[in-house]
Amino acid sequence: MKPPKILIIDDLLGKEGNNLEREAFCRVNGLMPIREGKAAAGIDKCVALATFVSGQKIVSNSVENDLEGTIRKIKDGWNESERWSLLLLDLHFKTGEFSILGSPEGRLTDRSPESYFGLQILNAISSDASLSDLPIVLLSSMDRTQIEERLASLGALGFVEKNDLDAKKLADLIDLYGLLEDEKVIGRSLPLLKCLREARTKSRIGNRNILITGESGTGKELFGRYIFENSLRFGRGERFNTVFLSGVPESLVDDLIFGHEKGAFFGAFDERPGVAETANQGTVFFDEIGDIPAIVQGKLLRLLDENIRETRRIGGRSSIIVDIMILLATERLEILQDEKLFRSSLVSRMNFGSRIHLPPLRERKDDILLLAKHFLQKLGIKKDFSQGAIQWLKSYHWPRNVRELELLISGIILSTPDLNVITEIQFDLARKDDFRSKQEKEDVSLRGSSQALSQSPKSESLDDLLEFLQSFDFHLVPAGRLEGLLPYLRLATAKMLANYLKVSFSLKKQLTNTIRFMENDPDMTTLKAASTILDIVEIAGKENQEKLLEDDIISEIVSKALKNRKRKTIRSKLKPPRNGLTNDSSSSKG
Amino acid sequence: MITDWEMRRSELSHDCIQNSFIGVIRGVEGNLMAERLADPFNLEAVKEIAKRWALWSNFAEDLFTSAIHELSPQKTFSFWPLSNCPPDTKYWLIPVVVEFWKIRTKIEHKLSEAQQKKDSLNAVVDEIDRFLATTKELNAENVGSYSVLVENLKQAAIEFQMSLARLSVRYIAL
Amino acid sequence: MKTAIVDMTNPQRGLLIARRIKDSGSETWLLCDNKGWYFFEHNDEYKKHGKPPTEWDLAIIHKTDEDKSRFIPIGDIAHTLYYCGGMPPQDDIKEEPFYIQCRAVEDEKSVPSLHELQAVVAFYQELKKSKNPDKPSLLCPPPSLAMASSLNILCQGYISAYLAMGNETTTEIPHEESWKQWQNSTSSLGNKKEWYDRYQAVISKEWWLEPLGGSKRIEEIINKIKEEETQSGLKGVAEKFRKILKKTDVRYDDVIELYKILAKRGSRDN
C-alpha cells in the first residue's frame, strides 16, 4: 500500500532551499519529502510522503506570514484525489528581518499565544466548510495553555512536541487521526475514509461491541474484517468467527452462538463450544443482528455486557466468561428500534449511539470508478471505461450499492467478453437484466431472514415435515451461508434416519423386521436389511460416523447388520459390544 | 516584559541549539541506529552544523558579554520614574542594586556555567571536525567512533541549552 | 501613508527612527539638518530629494524642534507625534498630539525598536480610517508596576546604606543571605564618608519622593501605587509607603515592611 500523504506547515521545516533541519526531521520520522510533485528517494520504511510548507513569504527583506498562500496550498492538496491524510501544523512562526543568525529575529506579537500564526491558520481552516474534514494535529513546543481550549474548539485533534516525535509516534498519530486508504476496503472518498478512521479508533479499545450499519451491499462484513485486522495490532486474538443469522432456524442460532453440552438434547452426542467460546480473545461478527430470534436475545444480553461477557452452553450448568470483541451488523435499523421485536436493553449494549454507519455508494462518488476498476482487476480483465460509462457510473443511484456494482461488472464481462471498452450502453443492459432477475425474486430478496423464516413447516406433522424438507428453497439462503453446508445436512439427515431406525427397532425388536417395517416391504431379506442399515450410517459421511455410532442402540444395530454383511470401514468404527448383548443369530433369519 | 536580550537568548536556545543543532543530530543518530551508513547526510549534516556553530558560538559570546548590562536593574533608571533620580543618587544607587541583583540571581555563576558548557561544546565540535577532515565515508570500522562523537555532541548541546535556559530572566527590575 | 521625521538635535537618532518607520511600510522623509529633506528608497538607501509632499499623514517631531514648522511645507499634517530626549509627560493623554511616553528617546539605544514603531504606524493608519484603535504601548505611560519596581530599588538603596553603616538587622529581611553576601562589597562601593552621606539622604522623605513626583504630589503618587496594587496583586504597598512618609525620618522597620511585600514578586523570577 502506498504511504499516506501528509502536509507539514512549519516555518523552519518549510523553508525553501537546502534545509538540513527538514532532512533530519524526515529521517527521524520516516518521511519521504515530496519536491515538485515527486517523492525523494533514500528513506526506507517510509511512514508517509510529506509536503513541507513554510507558511511565509519574503517582503522587502523581511519574512512575513502568508495566510492566503498557505490556505491555497492546503486546498490544492485537499482537493486532489489522493488528498492529505493529515496536516501537522506549527503554532509559532517567526517573522521580521533576518538576524545575524540567519533566521527572522521575531516580533513580540509572534510569541503571544493569542496571535500565533498557527492559530490564525486554524481559524481560517475552521471557517472554510470545504476544509472541515481536514484532520489537524498541532506540532509545537510553545506555550499553549492559554489557548488550548480554543485550539480544540477550532478542530485541532491532538498536540505533539516536535522533538518528541519519531517514526513510531508519527505512524501512530496518522493511524489515529489520519484519513487512510486500505488495500481491501477500496475507496478514497471522504465518507469512507472517515468510517475507516472510526473503525481503527474503535478497534484499539479491544473487547467492546461495535455496531455497523449500512444498506445492503455496502460491505459490512468486509468492514468487520477491517476492524478485526486492525485489532490484531493491539493484542486481540486471531480468531474471527462469523455468525450468519439470516435464514437460520431459531434452534440452530442458540447452538451456533453458545454451543451445547453432551446430551443437552437429542442428537447432542458430544459437547460443542459455540462461536463465542471458540473466539475467545478474538472477534465474533454477527451478520444481520436484526434477525436474532427473540428466545436468544436474553442470553445475548449477557454476552454483550462489555464488563463481563458470559456465555452458557445449552444444557450447561455454569457460565463461561469470555473476552471477545463483538461486531454486530445490520441494514435494518428499524428492527433494532422496534421494541416489540428487539429488547431495548440489548440495543443499548450495542452502543447504538456510537455506531459506524457505512455510507451508501451514491454518497461515495469518488470511489465508484475505483471500485469498478478493482472488480475488473479481480476478474483478471483489462478493459477501459468510456466517458459515457464513467458518467453513468457516477449518476446511477446504486440502490444495492457495491454488491450491485460488482454484479453489473461481472454481468457485462460475461455477456460481452470481447469488448475492450465498456460504455454506458453495457451498463444499461446489464442493469435491466439484473433488475428483471431481481423482480422475479422480489419477495425473496437477499434481506433473507423474514423470507427464509416463512419456509418453516406449518405444523409439526410428519407430512408437513416431509413436504418442508423436499420443498426447502436454498435460493433464499444467503450465498455466504450456503458454503460448507453439506456436512451439516448429511449429519442432520443421518440423525433423522437414525432416530427413525431406533424407534422402529424398539417396535420391532429385530433387524429385518425393522427394515421391512420402515420400507413397507414384505419381501425384505436379511441381507437387504443389513445393507439398508449400513447405508443409513454411510449417509452421515466419514466425519460424522463416529458420532452416530456413539449411540449404544445404533451401535448395536449396526453391529448386528455387519454380522450379516461384512463392511470393513464401518466395522473399525464400532464400539466393543456391551456386556449382555449377544449376536442375535435367530433374528437374522427374520 | 520580555527584553530584546531574552528574545536573542531564546533564538539561540530554541531555534539554533534545539531545533537546528539537536534536531539535525537526531537525524544522524536515527540513520546510524538503522545502519544507513551510506547516506551522505550522516557526514554532511554534521559538517554543516559544525560550521554554523562558529557563528552561534560568537553570538553566544555576545549574549554573555551583554547579559549583565541588558538584564540588570540598571535599565530601570532609563525609565520613569527612576530616570528622574538626581545624578548623585544614580551614581551610587545603580552599582549598589546591580551588585545586589548579581548576588541574588547568581547571574555570574550562571554565565560562567554557560560559558563552560559552550567551551565543552566547542571542544566536541573541534574533535568532530578533526574526524570529518580525515573521513570520506562511514563504514563498519569507523562508525563506532563516529557514533560516540555524535552522542557526545548531542549531550554537549543539550547541556549548553540547559545552561542557556537557566539564564532566562523575565523581569529586569525586581 | 506619508510620514515626516524631524530631528535637528540628533541626526543619527532621527535617521534610525526614519529607517524603522520606512520598514513599517510608510513613505518616509527625514529632516535632520539644514541640507533639506531626505527620502528613503526601498533598498534602505536614502537620498536628498528636492520636493517633499505637501500633505502628511504623520509627523514625528522631536519636541525641541516643534517650532521649526517653517521647514515643514504648508499643507495638512493629519497627525503629530512628539518624542523627548528628556523625560516625557506621564499622563494618559487623550487628545492629540500624542507623545512617546514610555521612555525618553535619548540616543540610539533608546530609539523605539522596529516592532514598536510598526505598532505606531499601524495605529495611525487605523486613525486615518476613522477607526478608534487602542494606543500602542509606546504612546502610553511606562510599563505597569513602574512604581512598585522603583520602590523596590529605593528600598534596596535604603537597606544598603543602613547595612553599610554597620547597623544590625533587627527584623527578618527578605533575601537575607544575599544581603549578607552583599555586605562584603560595601567598601568597594564607597568609603565611610560616602556611605554616611548616602545614609543621611535615604532617611529623608524627599529622597524617596523626588523621583516619584515630588513632595507636592504625594496623593497622586499614592494613587498610582494603589492602581498598581490591583494589577500586581501586591496588596498593602500604598499603605506601607504612606506609613514611611508619616514619620519625620524614614525608619528601617517601616522600610523592611514595605520591602517584604515588594520582594515577593522578585523572588518568583530567580
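What share of the contacts in chain C with a separation of 6 or more comes from residues 24 or more positions apart? For chain C, the answer is 51%. Bear in mind throughout that this is a predicted model.

**Chains B and C**

Let's stay with chain C for a moment. It is built from ten helices and seven strands, and 39% of its 270 residues count as buried. Chain B is put together from helices alone: five of them, with zero strands, so to speak an α-α-α-α-α run from the N terminus on. Of the 174 residues in chain B, 43% count as buried. Here, residues 24 or more positions apart supply 80% of the contacts with a separation of 6 or more.

**Where chain A touches chain B**

Chain A puts 16 residues into its contact with chain B, and chain B answers with 21 residues. On the chain A side, helix H1 (residues 20-29) gives the largest share, namely seven residues. Sorted by class, that side of chain A holds eight nonpolar, five polar and three charged residues.

**The nonpolar cores**

The largest nonpolar core has 72 residues, and the members touching the most others are A:Ile6, A:Leu87, A:Leu89 and B:Ala157. Take A:Leu87 as a way in. Which residues does A:Leu87 contact once its neighbours within four places in sequence are left aside? They are A:Leu7, A:Ile9, A:Ile74, A:Leu134, A:Pro135 and A:Ile136. Another core, of 45 residues, lies apart from the largest one; B:Leu82, C:Ala146, C:Ile159 and C:Trp207 are among its residues.

**A helix pair in chain A**

Now to helices H14 (residues 365-378) and H16 (residues 401-415) of chain A. They pack with their axes 10 Å apart and at an angle of about 50°. That angle falls between 35 and 65 degrees, so H14(A) and H16(A) are oblique to each other. Their crossing is right-handed. On the H14(A) side, the residues that meet the partner helix are A:Leu371, A:Ala372, A:Phe375 and A:Leu376. H16(A) brings A:Val402, A:Leu405, A:Glu406 and A:Ile409 to the contact. By class, the residues of this contact come out as seven nonpolar, no polar and one charged.

**Two positive phi values**

Two residues of chain A that are not glycine have a positive phi, and both sit in loops between helices. Here they are side by side:

| Residue | Phi | Loop in chain A | C-beta neighbours within 10 Å |
|---|---|---|---|
| A:Trp398 | near 50° | between H15 (387-395) and H16 | 21 |
| A:Lys509 | about 65° | between H21 (486-508) and H22 (511-519) | 11 |

Is A:Trp398 buried or exposed? With 21 other C-beta atoms within 10 Å, A:Trp398 is buried, because the cut-off for that is 20 or more. A:Lys509, on the other hand, has 11 such neighbours and therefore counts as exposed, the limit there being 12 or fewer. The loop holding A:Trp398 leads into H16 of chain A, the helix that packs against H14(A) at about 50°.

How values were computed
Residues are numbered from 1 along each chain as its sequence is written. Chains are lettered from A and ligands numbered from 1 in the order in which they are written. This is a predicted model: local features need pLDDT of at least 70, side-chain atom pairs count only at pLDDT 80 or more; totals for chains, interfaces and linings use all residues. Two residues are in contact if their C-beta atoms, placed from the backbone, lie within 7 Å. Helices (H or I, at least four residues) and strands (E, at least two) are DSSP runs, numbered from the N terminus. Ala, Val, Leu, Ile, Met, Phe, Trp, Tyr, Cys and Pro count as nonpolar, Asp, Glu, Lys and Arg as charged, and the others, Gly among them, as polar. Axes are lines fitted to C-alpha atoms, for helices over the stretch in contact, and angles run from 0 to 180 degrees between N-to-C directions. Angles under 35 degrees count as roughly parallel, over 145 as roughly antiparallel, 65 to 115 as roughly perpendicular and the rest as oblique. A crossing is left-handed if the near helix is turned anticlockwise from the far one by less than a right angle, and right-handed if clockwise. A nonpolar core is a set of buried Ala, Val, Leu, Ile, Met, Phe, Trp, Tyr and Cys residues joined through C-beta atoms within 7 Å.
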